[in-house]
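Student: Before we discuss this model, can you tie each term to its cut-off? I would like the definitions next to the values.

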Protein chains: 2
Amino acid sequence: MKTKQISTLQLKQDLKYLKKQYEEYRGKGLNLNISRGLPCKEQLDLNAEMFHVLDENNCIAEDGTDCRNYGVMYGLSECIRLFSELLDIPSENIVLGGESCLNLMYDQFMRYYAFGALGEKPWSMQAMEHELKWLCPVPGYDCHFNLTEALGFRMINIPLLETGPDMDMVEKLVAQDPTIKGIWCVPQYSNPTGTVYSDETVERLAKMKTAAPDFRIFWDNAYAVHHLYKEHIVKDILKAAEPYGTTDRILYFFSTAKITFPGSGVCLMASGDKTIEETKRLLKLQIFSHDKLNQLRHVKYLKTPENIMNHMKDIAAILRPRFDMVDEILTQNRLYEDVYTWIKPDGGYFITVDSYGGCAKKILKMTEDVGVKVAIPASTYPYHYDPEDTTIRLAPTYPPMEELKEAMKLFCICANIAAIEKIIEERGI
Amino acid sequence: MKTKQISTLQLKQDLKYLKKQYEEYRGKGLNLNISRGLPCKEQLDLNAEMFHVLDENNCIAEDGTDCRNYGVMYGLSECIRLFSELLDIPSENIVLGGESCLNLMYDQFMRYYAFGALGEKPWSMQAMEHELKWLCPVPGYDCHFNLTEALGFRMINIPLLETGPDMDMVEKLVAQDPTIKGIWCVPQYSNPTGTVYSDETVERLAKMKTAAPDFRIFWDNAYAVHHLYKEHIVKDILKAAEPYGTTDRILYFFSTAKITFPGSGVCLMASGDKTIEETKRLLKLQIFSHDKLNQLRHVKYLKTPENIMNHMKDIAAILRPRFDMVDEILTQNRLYEDVYTWIKPDGGYFITVDSYGGCAKKILKMTEDVGVKVAIPASTYPYHYDPEDTTIRLAPTYPPMEELKEAMKLFCICANIAAIEKIIEERGI
């Protein structure tokens with residue numbers, strides 16, 4: 001039932017009851033934080049074997065390289081091969097990185113900024129002539145937006161539809177404006193909405209004409225194997241780009257951050273031949289090699305693509321009850337259909353709630369006032385500005401189940417209160 | 001005895017004998033490479049315990065942080081403390097990095113390039129107005145020079161004296177030219193000469209007036225604990241800078257590359273308060289955290305500064321026979337005092353030979369022609385241009401002893417031949 005069918009009197013009674021419930025939380029002295037998208041302890045415990053797969057007699061790569069020493073700048077071949085098979089990307093189009101793929105995205109961005117892309121002027125130099133711009137599907141990932149903001153790119157919001165970024169808008173903008181240098185994409189189980197880009201969206205991103213010859217798609221496929229309910233696989237953009245000769249436009253990132261140990265993982269960038277060649281050349285300025293021992297550790301632990309997929313099933317089994325519970329609490333505690341909405345994603349790490357318009361900040365303040373940090377307001381928008389003030393990213397993966405339950409119940413009370421207060425206000429009574 | 005006391009006839013006889021020896025190498029079918037400054041297998045074997053200090057029940061930091069998860073962006077406090085005590089630098093002036101300190105130097109350089117130093121214009125922007133310049137003590141480290149070259153800095157050679165860079169020249173240049181943005185320094189057991197900067201040099205670097213407010217000293221203290229014969233400790237530049245208010249000018253780098261496993265190590269940058277604050281702020285764009293498991297592994301393995309010093313003694317015991325042998329072969333096989341000279345360093349990783357003027361390239365070509373790569377010609381100079389064509393960096397640490405011996409004997413034959421040929425040519429006969 002929607003609130004338009006409900007009398008203001010009834011809404012006021014609801015509010016009274018809800019506020020009483022909310023006031024009860026004041027006395028509880030809670031101090032919870034469910035805002036962070038981290039793996040939980042149970043997920044990390046799955047990887048115990050990782051501590052035991054390498055030792056002093058077992059640290060030589062298949063080509064004879066002693067992984068304890070310098071060398072092998074672009075990654076161990078067996079580690080590249082494992083990811084090549086997992087993601088169906090040719091080995092020669094992959095360069096490995098260390099630690100996490102945010103690192104790798106930052107590095108690639110800085111290369112374009114300082115050295116330029118395939119012979120084009122460095123972005124730092126172009127920025128002296130014109131303000132540069134960047135497309136940001138919203139809601140999206142704050143770490144992406146933080147980088148483009150820090151480097152002075154004007155960020156343009158692109159609505160994220162059920163099929164991915166609004167491609168009519170993207171195509172129109174990039175065709176006419178050479179100062180638009182790229183777009184952030186999380187194409188599969190998008191952070192935070194769980195959106196999987198449609199085949200058509202991928203095809204159009206690969207095919208579209210861009211006024212800027214150095215337009216780049218930062219394709220952050222962070223959740224490529226992070227299925228929860230159904231197994232969606234986003235269309236292969238590197239293959240889609242081949243017939244159009246645009247593979248060098250694609251910078252495909254993947255990491256084991258949420259497969260093994262975040263921050264101690266292995267990550268990769270894949271792209272067209274020319275871009276990989278350029279990156280390899282510039283990488284020599286920066287490293288001798290990433291941590292090969294950790295690469296070998298990952299190969300010996302993860303072994304095969306099939307084994308990785310089984311491991312992801314074990315992770316999903318840990319995460320599903322969390323997503324189920326959040327979905328259930330959101331369902332059971334919503335007073336009226338229009339006070340908030342959400343989509344239960346098929347994979348990834350987040351559930352996005354759309355609060356009643358103009359209420360998101362207020363809801364998050366209310367939960368914080370009684371000791372529960374649910375999310376960072378507007379963190380999923382460039383400049384931390386959510387024009388409709390509705391998007392709230394929930395991160396069910398990390399907190400203990402009991403804390404998650406408690407926090408979610410409170411959240412629903414606040415979301416109901418804020419919406420109903422707003423609706424009453426809008427009715428002008 | 002010097003060649004000036006020797007008749008040309010005698011020199012020609014020497015040459016005939018030397019060339020006969022050289023020709024014998026042609027038949028040997030050698031394929032050796034002693035050019036790389038890597039740790040040898042025996043040195044790496046010392047660290048076997050590193051594979052066993054962490055496991056699934058032993059991966060929690062002292063503050064309760066689960067090192068398997070995200071978090072702790074600037075480094076584990078126990079790991080920072082260990083290096084703080086080892087190097088006598090306050091913990092709050094240290095930020096940890098991952099893998100190797102070349103990485104960290106590159107990152108810091110790129111920060112200045114893209115974001116500027118403490119409110120000054122980014123170097124990328126300044127470079128649009130004037131050519132920027134960089135001071136390079138020579139001979140020096142090719143990885144340093146490669147970075148400044150790639151970013152378009154004009155590199156100015158500064159002679160490296162026994163006391164460090166020629167400070168009269170440095171002071172004069174930096175005082176008058178605001179486009180000089182910095183200097184590369186390896187202050188202790190300098191790569192390649194083994195020079196330890198004198199106290200006066202350190203003091204003058206800290207004290208000197210610079211026309212550029214964003215002049216920076218990249219202080220790559222890579223060999224801070226790498227003693228071989230005597231234990232020199234270069235004067236503490238951060239402390240020296242304090243009375244002059246120039247601590248933010250210093251970027252102090254250190255890593256475990258040649259203590260534990262190169263490329264899989266832990267490294268650090270230390271600087272003044274403002275620079276550390278700035279770096280921490282910008283680091284958020286790049287990482288969530290470096291590999292904390294590897295940081296904890298290093299703490300559990302290295303334990304205390306005393307233990308590190310004992311470990312370095314074990315390494316020195318492995319390396320000394322190599323340095324002794326090279327020194328002995330250079331001594332025994334030198335026909336005349338002026339055909340080449342060298343200094344046996346007290347620490348570090350290299351021995352530098354000064355060949356007879358104009359002979360270095362020729363010598364290295366001669367050894368390569370019979371299958372032995374001794375060094376990369378002029379790699380220790382900016383733009384790979386050694387104006388006197390004399391410097392040859394020998395790297396005794398890595399090759400098997402027998403190969404090192406064979407290569408060094410050949411090297412001496414070639415160095416004698418090239419010098420004597422040149423001397424005869426100079427005599428005009």
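Tutor: Domain bounds here come from an automatic or database domain assignment. This is a predicted model, in which local features need pLDDT of at least 70 and side-chain atom pairs count only at pLDDT 80 or more, while totals for chains, interfaces and linings use all residues. Residues are numbered from 1 along each chain as its sequence is written, and chains are lettered from A and ligands numbered from 1 in the order in which they are written.

Student: Into which domains is chain A divided, and what distance separates their centres?

Tutor: Domain 1 of chain A covers 3–44 + 309–427, and domain 2 covers 61–303. Taken over C-alpha atoms, their centres are 31 Å apart.

Student: What makes residues of the two domains count as in contact?

Tutor: Their C-beta atoms, placed from the backbone, must lie within 7 Å. On that basis, 25 residues of domain 1 of chain A are in contact with 26 residues of domain 2 of chain A.

Student: Which element gives the largest share of the domain 1 side in chain A?

Tutor: Helix 12 of chain A, with seven residues. Helices (H or I, at least four residues) and strands (E, at least two) are DSSP runs, numbered from the N terminus.

Student: How is the domain 1 side of chain A divided by class?

Tutor: Ala, Val, Leu, Ile, Met, Phe, Trp, Tyr, Cys and Pro count as nonpolar, Asp, Glu, Lys and Arg as charged, and the others, Gly among them, as polar. The side of domain 1 of chain A that touches domain 2 therefore has 15 nonpolar, seven polar and three charged residues.

Student: In chain B, which residues of helix 1 meet helix 14?

Tutor: Among them are Leu11(B), Leu15(B) and Tyr22(B) of helix 1. The residues of this contact in chain B comprise twelve nonpolar, three polar and five charged.
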